[in-house]
Every structure is written in structure tokens, then in C-alpha cells.
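Please open the structure in the viewer and display side chains as sticks. The tour proceeds by successive selections, with a note on what each one shows.

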Amino acid sequence: MKTKGNPPEGGSAAVDRSWHLARNPLEVDVAELEYALMRAFEAFGRWQGECLASVIDLVASGPENAMLHIIRMHERPKTIKDLARLANREDIPNMQYSLRKLIAAGLVVRSGSGRSGVTYSVTDKGRDVTDRYADVRASLLIKAVQSVPNFPSRLREAANTLDLLTGIYEQASRTAATHRRYHG
């Protein structure tokens, strides 16, 4: 499908914005946003991995890196249920694998026992690594975004938009799951 009318702001009439997912201009805009989210997610994951690798010899995925920082967040222990909720994840077996990896690296410690009594905290080494990560982040990422005009307000608007989209995707996901048909 080719979109009709004026090209998008900053766009070109020579750009084909058609998508198999999109049948009208709003659907094109949503598809373009989803594609941008996919690319941003991958770039963010690469950034997290490279930033962490600059402070410790550890190969970690973006979600593992995020888990380390979430565990440190507010300097209080977290249960796996806390981690799942804070990261908006449901893949507990993958999270447990990541936790074992962070524990083996000496960045996280597991405390307690039983289903509800286990918590995770950063170790002194984990605190040092996340502090050095924050230093690299400030010198590279924050320095780069400071050079973009009006970026603080754009960041706040983007964060609010992503929070709104998270809720919309969650509700659409629940509805799709509720009305899923068997295709056997």
C-alpha cells in the first residue's frame, strides 16, 4: 500500500512508507514507530553491552545489564517477582539464568530461602561496576544528548509516550490472549 497525500514532516515524496502491516496513514505511523522501537531496542542493548564491557570483562545481554541496575535501584534487595514486575518481564526461567550469571560474576548475591524469601542484592563489586558504568554513561551518552537542543523536554515526552504505549500494548496483548483461537 502506498500512502497518499503529503509526505510526513521531514519526509520525502520519494520515500515509500508502505508496510504489509498498514492499510491507512495511522497504521503506517504505528508501523514506523514499531520499527523505530525495534531498532532502538537493539541499539540500546548494544550500548548497554559495550558500556558494561568497558568496565568489566563480562559478556552480558542488555536484559542482564538492566537486571543488574534494577537490582541496585534504591539500594534495596529485590525478589524475582519484584524484578519481573519492574522489568515488565514474564520469562522467569531466563531471568533465573541471568541471575545465576550475575552471581557467578560476583556482581549479585542471593539471600534467603524458600519461594518468597529469596532476594537479590548487588555486591560491593556490583556496586563498583555499576558506579563505573554510570561514569562511562555520563561521559559518553549523557554528553552526547546534552548537545541536542531541547533534548531534556524531548526525553520526558518520549518517556511519557513509551509509558502510554506500554499500557496500550499490554491491554492489546491481554485482549489478543483472551480471544485467541485455536489454529490446529
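A salt bridge is taken here as a side-chain nitrogen of Lys or Arg within 4 Å of a carboxyl oxygen of Asp or Glu. The model is predicted, and a search of the whole structure yields 9 salt bridges. Side chains of opposite charge can pair when their charged atoms come close.

**First selection: helix 2**

Select residues 62–72, which form helix 2. This helix is mostly covered, since 8 of its 11 residues are buried, a term that means under 20% relative accessible area. The buried residues are Gly62, Glu64, Asn65, Met67, Leu68, Ile70, Ile71 and Arg72. To see what covers them, add the surrounding elements, including helix 1 (25–53), strand 1 (108–111) and strand 2 (119–122). Helix 3, helix 4 and helix 6 also belong to this cover.

**Second selection: Glu64 and Lys101**

Keep Glu64 and add Lys101. Their side chains meet in a salt bridge, at 3.0 Å from N to O. Glu64 lies in helix 2 and Lys101 in helix 4 (residues 92–104), so the pair ties together parts that are 37 residues apart in sequence. Is each partner buried or partly exposed? Glu64 is buried, with a relative accessible area of 6%, whereas Lys101 counts as partly exposed at 25%.

**Third selection: beyond the end of helix 2**

Move to His74, just after helix 2, where the backbone takes a positive phi of about 65°. Then select Glu75 together with Arg127. The two residues form a salt bridge whose closest N and O atoms are 3.1 Å apart. Because Glu75 lies in the loop between helix 2 and helix 3 (80–87) and Arg127 in helix 6 (residues 124–146), the pair ties together parts that are 52 residues apart in sequence. Glu75 is partly exposed, at 44% relative accessibility, and Arg127 is partly exposed, with a relative accessible area of 28%.

Now extend the selection to the network. Which residues are linked with Glu75 and Arg127 in a network of salt bridges? Arg72, Asp124 and Asp131 are linked with them. Arg72 is also one of the buried residues of helix 2.

**Final selection: within helix 6**

Select Asp128 and Arg132, whose side chains meet in a salt bridge of 3.1 Å, N to O. Being 4 residues apart in helix 6, the two are separated by about one helical turn. Asp128 is partly exposed, with a relative accessible area of 38%, and Arg132 is partly exposed, with a value of 33%.

Conventions:
Residues are numbered from 1 along each chain as its sequence is written. This is a predicted model: local features need pLDDT of at least 70, side-chain atom pairs count only at pLDDT 80 or more; totals for chains, interfaces and linings use all residues. Side-chain values use heavy atoms; hydrogens and water are left out. Buried means under 20% relative accessible area, exposed over 50%, partly exposed in between (1.4 Å probe, protein chains only). Contact means heavy atoms within 4.5 Å.
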